[in-house]
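Subject: The two-chain model, with notes

Hi,

Here is the structure I promised to pass on to you. Have a look at it first, and then read my notes below with the viewer open.

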Amino acid sequence: MRLALGYVPLIDAAPLIAAVEGGFAAAEGLAIDLISEPSWATLRDKLALGHLDGAHMLAPLALASALGISGPQTDLAVPLGLNLNGNAITVSRPLWAEMAPEADDLDTIARAFSRVARVRVTQNRPLTLGTVHPYSNHTYQLRMFAARGGLDLDGAARMVVIPPPWIAEALRTGQIDGFCVGSPWNSVAVAEGYGRIAALGCELAPDCPEKVLALPAYAAAASAPLVRAVRRAGRWCAAPENQRELAGLLARPGHLGTDASLVRRALAGTVVVDPDGTERHAPRFVVFGAEAERPLPAHADWILAEMERAGQITPTPALVARARAMYRTDVYDAAG
Amino acid sequence: MTEPTLTVAVIDPSRARAAILEEGLTAAGFTHVVVLPDTADLSARVAALNPDVVVIHLESPSRDILEQMSGLSRHVERPVAMFVDRSDVPMMQAAMDAGISAYVVDGLQPQRIRSILDVAILRFNAFARLQRELSEARGELADRKLIERAKGILMTARGLSEEEAYRMMRRKAMNEKRKIADIARAIVTAADLLG
């Protein structure tokens with residue numbers, strides 16, 4: 001069977017890329033065309049109109065698409081989670097200097113951030129923060145970061161969406177003061193000397209369901225070979241002994257087209273947070289494999305709660321039921 | 001009759017394609033068409049222009065920037081939504097095949113956006129056809145140059161006339177069921193290697 005699968009070039013597309021490049025798909029008799037998409041909106045619409053047979057997707061966007069609140073309403077199924085975590089919040093060096101946190105723990109840093117954000121509001125020049133899509137954990141994690149420092153981000157900062165490849169440049173030119181993005185873009189901003197990683201997604205929202213494999217609902221029943229292939233690939237990605245090879249695969253020009261050593265550090269959870277070389281070690285910085293793969297309806301509950309907090313939805317029992325039904329634990333279990 | 005008072009923004013990573021669409025829309029009676037550069041500050045530019053319709057290429061990374069204007073609509077005065085006409089799936093498919101998506105302000109009549117999409121689909125498809133023809137023409141030109149070089153090599157090496165050299169390559173191509181340009185490429189490569 002031949003399938004066209006879409007992805008956005010990020011480290012957490014690894015299970016799909018490895019499924020194809022590592023032969024897991026071929027072993028299931030699948031020929032997969034991997035299609036790199038320039039934006040989440042284009043990926044979502046191509047999936048909605050049948051130009052893609054499945055995709056690597058932001059978990060909240062898959063839910064928003066299924067609920068009809070982002071793009072054309074599309075009945076989707078999630079038979080597999082791709083990863084947990086992987087995001088980080090980076091601030092510009094001038095903002096970090098203004099924050100001047102007294103200690104390097106999350107609470108102190110978040111309080112310093114919230115203090116500056118409040119001052120900026122009183123000066124009528126609020127902070128501008130970048131996210132990758134309105135329906136993304138990135139949006140929610142920025143809100144959590146502010147909340148951790150005692151600040152409600154609504155009305156306290158401007159939120160803008162910026163495509164990840166432009167985000168380091170937007171930080172350099174001062175269009176934004178900080179952003180939340182997936183790997184490897186935080187590390188790129190640090191390596192280029194414009195940014196300071198202020199918080200890791202895995203400390204803000206431990207085991208956050210980040211990307212999922214999304215399929216049209218009608219295709220779920222026959223998706224066992226694909227689910228098996230991507231699941232095996234995800235487990236291969238999770239094995240530390242494969243990190244070097246995986247980093248090489250992902251860094252290729254056809255996929256991320258970036259520095260393999262940055263990718264490798266992200267996979268290992270060893271993140272350089274400051275241009276001065278300060279390192280953080282977070283073993284759960286990005287998690288693939290067994291812990292990430294089971295599509296739990298509890299993930300839908302978690303995302304709905306964040307959507308509600310962000311003012312994006314008002315949950316009703318019917319809406320909650322539809323959201324939970326998208327997570328197809330039955331398909332995952334039946335795939336074997 | 002099209003609606004002349006609409007403000008239409010065009011966003012496309014290809015400047016040439018944007019210019020072609022701008023011209024097409026102007027010709028169709030849309031007097032206020034503005035091409036916006038595909039850059040990170042797009043959000044501010046769109047807000048300043050306050051368009052009724054945004055036509056954006058599917059390959060533009062800026063699509064997610066526009067999503068914000070619809071996703072967080074409580075923060076903008078004129079909510080923007082992606083245009084989807086569920087009653088006309090063939091047209092939506094044609095738009096996607098041509099690489100087009102559109103965002104419209106809330107409440108705009110589907111009929112008014114349709115004429116814009118029709119122009120965009122025609123223009124983008126024509127642009128794709130032109131590009132294909134151009135790359136074919138470039139390929140033909142390169143093939144002809146290759147054949148000329150191979151002919152020269154054969155003439156020198158075998159003491160043939162131009163006509164005889166060409167016939168020799170043509171016969172070889174026919175016998176091997178290959179294109180004459182492929183035979184020419186093999187001759188040129190071999191000559192390069194053998195000095």
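**A loop in chain A**

P184(A) sits in the loop that links β8 (178-182) to α9 (185-191) of chain A. The peptide bond leading into P184(A) from S183(A) is cis, and its omega is near 5°. Please keep in mind throughout that this is a predicted model.

**The sheet in chain A**

Which strands make up the open sheet, and in what order? There are 5 of them, arranged β7-β6-β8-β5-β9 in chain A, and the pairing is mixed. The edges are formed by β7 and β9 (195-200) of chain A, each of which pairs on one side only. From one strand to the next, the twist averages 25°.

A helix also packs on this sheet: α8(A) touches β5, β6 (127-131), β8 and β9 of chain A. The direction of α8(A) makes about 155° with that of β8(A).

At the β9 edge, β5(A), residues 87-92, runs antiparallel to β9(A), and 5 bridges join the two. If you want a spot to zoom in on, V91(A) stands opposite R196(A) in β9(A).

At the other edge, β6(A) and β7(A) are parallel, again with 5 bridges. Here L127(A) has A157(A) in β7(A) as its bridge partner. Together with helix α7 (residues 137-148) of chain A, β6(A) and β7(A) form a right-handed β-α-β unit. Is β7(A) mostly covered or mostly uncovered? Mostly covered: of its 5 residues, 4 are buried.

**Where the chains meet**

How many residues does each chain bring to the contact? Chain A gives 26 residues and chain B gives 22 residues. On the chain A side, the elements that supply two or more residues are α3 (40-48), β7 (157-161) and α8 (164-172). So that you can picture the chemistry there, the side of chain A that touches chain B is made up of 16 nonpolar, 8 polar and 2 charged residues. Two of the elements from the sheet story thus come back here: β7(A), an edge strand, and α8(A), the helix that packs on the sheet, are both listed among the contributors to this contact.

**Chain B as a whole**

Chain B has 7 helices and 5 strands. Along the sequence they follow the pattern β-α-β-α-β-α-β-α-β-α-α-α. The C-alpha trace of chain B spans about 80 × 35 × 30 Å along its principal axes. Its radius of gyration is 26 Å, whereas a compact globule of 195 residues would have one near 16 Å. In chain B, 34% of the 195 residues are buried. Among chain B contacts with a separation of 6 or more, 62% are between residues 24 or more positions apart.

**Two backbone angles in chain B**

Two residues here have a positive phi without being glycine. N50(B) has a phi of about 55°, and it is found in the loop between α2 (42-49) and β3 (53-57) of chain B. N50(B) counts as exposed because it has 12 C-beta neighbours inside 10 Å, and the cut-off for exposed is 12 or fewer.

K177(B) has a phi near 55° and lies in the loop between α6 (162-176) and α7 (180-194) of chain B. With 6 C-beta neighbours inside 10 Å, K177(B) is therefore classed as exposed too.

Happy browsing, and best wishes!

Key:
Residues numbered from 1 in each chain as written. Chains lettered and ligands numbered in written order. Predicted model: local features only at pLDDT ≥ 70, side-chain atom pairs only at ≥ 80, totals over all residues. Contact = placed C-beta atoms within 7 Å. Buried ≥ 20, exposed ≤ 12 C-beta atoms within 10 Å, placed from the backbone. Pairing = 2+ DSSP bridges. Axes fitted to C-alpha atoms, helices over the stretch in contact; angles between N-to-C directions. Rg over C-alpha atoms; globule rule 2.2 N^0.38 Å. Right-handed = clockwise from strand over helix to strand, strands pointing away.
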